[in-house]
Amino acid sequence: MDSSTFFDSSCYNLRPQPVTSHVRSHCKKRISYFHNNEIGNFQFGVQHPMKPLRLSYTNDLVCAYRLHEKMRVFCPPKATDYDLMEFHIPSYITFLKNVTPENSEQYSFDADRFNISEDCPIFRGLYDFCQIYAGASVAAALRLTSEDTDICINWSGGLHHAKHNEASGFCFVNDIVLAIQQLLRVYPRVLYIDIDIHHGDGVQEAFYETDRCMTVSFHKYKENGKYFPGTGGLGEIGIGLGKRYCLNIPLKDGMDDESYVVLFKDVISDVKDRYQPNAVVLQSGADSLGKDKLGGFNLSIKAHGECVRFVKNWQIPLLVLGGGGYKIENVARCWAYETSILVDTEVPETLPKNAQFYNFFGPDYSLHPPLVRRIENLNTKADLQKLSQQIHERLRLIDGAPSVQLHEFSKDLQDLWEESEEEMRDYQEDAIPDIRPRRRLMLGENEFYDDHDNDDQLVDEDQTIEYAVDNESY
């Protein structure tokens with residue numbers, strides 16, 4: 001085990017992080033990959049769509065394809081209470097830390113206050129789970145700010161619905177906001193791109209009043225809030241200094257590969273040219289794939305990956321995160337494939353037989369199974385052309401990249417640490433408008449279950465998954 005620090009943080013006044021595993025990069029770009037073996041062992045509940053086991057599947061394929069040899073691999077430290085309170089209010093973090101399935105009744109008042117529900121249930125190890133995935137995103141952001149890596153990958157992150165004072169949409173802690181906050185200490189402008197099928201509402205709200213982080217979300221949208229989370233319309237553009245730095249691309253059911261990729265490249269190219277970001281955070285939620293249980297698009301893994309490839313080729317510091325994805329075999333395929341894109345390595349179409357979970361990828365055992373479902377593409381060419389025109393018209397109102405200074409970011413987070421909980425809550429409630437009413441993701445209208453789905457039987461309640469991730473074991 002390497003006892004050196006995670007990176008030299010002295011110039012940023014940030015505490016050092018221990019390295020637990022390390023491999024030298026063998027590719028031109030310096031890629032860092034973050035994974036904790038424990039993350040796949042948590043369970044939201046047997047019937048819950050969110051399966052952390054998908055992260056074990058993903059890492060298994062990454063290792064079986066030997067992609068880890070192209071990256072530096074880290075098992076990062078857990079986020080501390082202090083880390084999480086940089087965005088979330090202290091009382092919420094204290095609740096997550098203390099509540100358990102056994103004592104949940106005595107926390108019933110707080111559970112309602114913090115939006116604990118069937119979407120976001122109390123399960124064994126909840127706080128450890130939050131610390132692991134959030135710690136990985138924070139550590140990845142710190143490594144990017146140290147300028148010793150070009151791309152960081154954390155597939156366990158990307159939980160974009162959580163708000164500063166409550167859980168939402170399977171998300172308890174918003175690791176994306178925490179990571180962007182770290183990036184903003186060094187980079188003047190950060191671009192956030194979200195290709196999850198659900199609107200990235202938690203991240204949007206966090207940066208709704210600043211031009212230092214531009215948020216762009218491609219997502220399924222229905223009028224009158226009939227698809228979770230109910231936000232993400234064209235009219236949500238930011239306020240104050242953040243006006244015009246929030247961009248939403250609302251889409252209808254059935255988006256296919258060509259329509260999506262053409263629109264993505266068209267919009268994002270213009271965003272890049274107008275905003276000129278210093279760093280990019282890409283949330284690569286895999287529920288926008290075809291045949292996802294809670295989706296409604298017809299995207300293939302290759303098309304999804306093409307969006308990642310396009311952003312990677314910008315040669316701008318990049319943090320790639322996971323997100324949604326509820327057909328877990330396809331989630332693993334997608335994120336393993338996108339890992340290969342990020343390390344510039346072609347991998348075989350046939351899945352490697354040395355993968356520990358190989359048998360769960362049948363009957364085709366392919367990296368790119370057909371994912372088109374019988375969902376009509378309701379996005380006509382005329383609709384998409386009109387949408388694209390509207391987006392470009394709005395982007396033209398951005399008069400060059402904002403020349404921002406640190407004091408323009410709504411409030412220095414260092415000051416927040418010194419405030420009382422009540423003052424902190426008052427500030428955040430005033431500064432971050434709650435534009436999303438509470439809704440539930442686990443609704444029948446959101447569900448597209450296949451007849452033969454058997455994810456619930458993949459692992460027993462008390463079973464744990466353990467296999468090598470430390471580089472010494474490779």
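Here are some short exercises with worked solutions on a predicted model of one protein chain.

**Exercise 1. Get your bearings: how many helices and strands does the chain have, and what share of its residues count as buried?**

Step 1: Count the elements. The protein chain has 13 helices and 8 strands.

Step 2: Look at burial. Of its 474 residues, 61% count as buried.

Step 3: Turn to the surface. The chain exposes about 18600 Å², with carbon and sulfur atoms supplying 46% of that.

Step 4: Check how contacts span the sequence. Take the contacts between residues at least 6 apart: 81% of these join residues at least 24 apart.

**Exercise 2. Work out whether Thr 58 is buried or exposed, and find what its side chain reaches.**

Step 1: Find the residue. Thr 58 sits in helix H1, which covers residues 53–64.

Step 2: Apply the cut-off. Buried means under 20% relative accessible area. Thr 58 comes in at 1%, so it is buried.

Step 3: Follow the side chain. It reaches the backbone oxygen of Arg 54 at 2.8 Å.

Step 4: List who else is there. Skipping neighbours within four places in sequence, Thr 58 is in contact with Trp 155, Val 331, Ala 332, Trp 335 and Ala 336.

**Exercise 3. Describe the surroundings of Lys 78: where does it lie, and what does it touch?**

Step 1: Place it. Lys 78 is in the loop between strand E2 (72–74) and helix H2 (81–84).

Step 2: Judge its exposure. With a relative accessible area of 35%, Lys 78 is partly exposed.

Step 3: Collect its contacts. Residues up to four places away in sequence aside, Lys 78 touches Asp 83, Asp 128, Gln 131, Ile 132 and Gly 135.

Step 4: Pick out the polar one. The side chains of Lys 78 and Asp 128 are joined by a polar contact of 3.4 Å.

Step 5: Compare sequence with space. Val 138 is 60 residues from Lys 78 in sequence, yet their C-alpha atoms are 9.3 Å apart.

**Exercise 4. Take three salt bridges, those of Arg 185, Arg 124 and Asp 110, and say which partner each residue has.**

Step 1: Recall the principle. Side chains of opposite charge can pair when their charged atoms come close. A search of the whole structure turns up 18 salt bridges.

Step 2: Start with Arg 185. Its partner is Glu 86, and their closest N and O atoms are 3.3 Å apart. This pair links distant parts of the chain, 99 residues apart: Arg 185 is in the loop between H6 and E4, and Glu 86 is in the loop between H2 and helix H3 (90–98). Arg 185 is partly exposed at 26% relative accessibility, while Glu 86 is buried at 5%.

Step 3: Go on to Arg 124. Arg 124 pairs with Glu 102, again with closest N and O atoms 3.3 Å apart. Arg 124 lies in the loop between helix H4 (108–113) and helix H5 (126–145), and Glu 102 in the loop between H3 and H4, so the pair ties together parts 22 residues apart in sequence. Both Arg 124 and Glu 102 are exposed.

Step 4: Finish with Asp 110. Asp 110 bridges to Arg 113, with closest N and O atoms 3.6 Å apart. These two are 3 residues apart in helix H4, so about one helical turn separates them. Asp 110 is partly exposed at 21%, and Arg 113 is partly exposed at 32%.

Step 5: Look for shared partners. Lys 29, Lys 312 and Asp 344 are joined into one network by salt bridges that share partners.

Methods
Residues are numbered from 1 along each chain as its sequence is written. This is a predicted model: local features need pLDDT of at least 70, side-chain atom pairs count only at pLDDT 80 or more; totals for chains, interfaces and linings use all residues. Side-chain values use heavy atoms; hydrogens and water are left out. Helices (H or I, at least four residues) and strands (E, at least two) are DSSP runs, numbered from the N terminus. Buried means under 20% relative accessible area, exposed over 50%, partly exposed in between (1.4 Å probe, protein chains only). Contact means heavy atoms within 4.5 Å. Accessible areas come from the Shrake-Rupley method with a 1.4 Å probe; for residues, only the protein chains shown count as cover. A polar contact is a pair of N or O atoms within 3.5 Å; within protein, one must be able to donate a hydrogen and the other to accept it, and residues adjacent in sequence count only if both atoms are side-chain atoms. A salt bridge is a side-chain nitrogen of Lys or Arg within 4 Å of a carboxyl oxygen of Asp or Glu.
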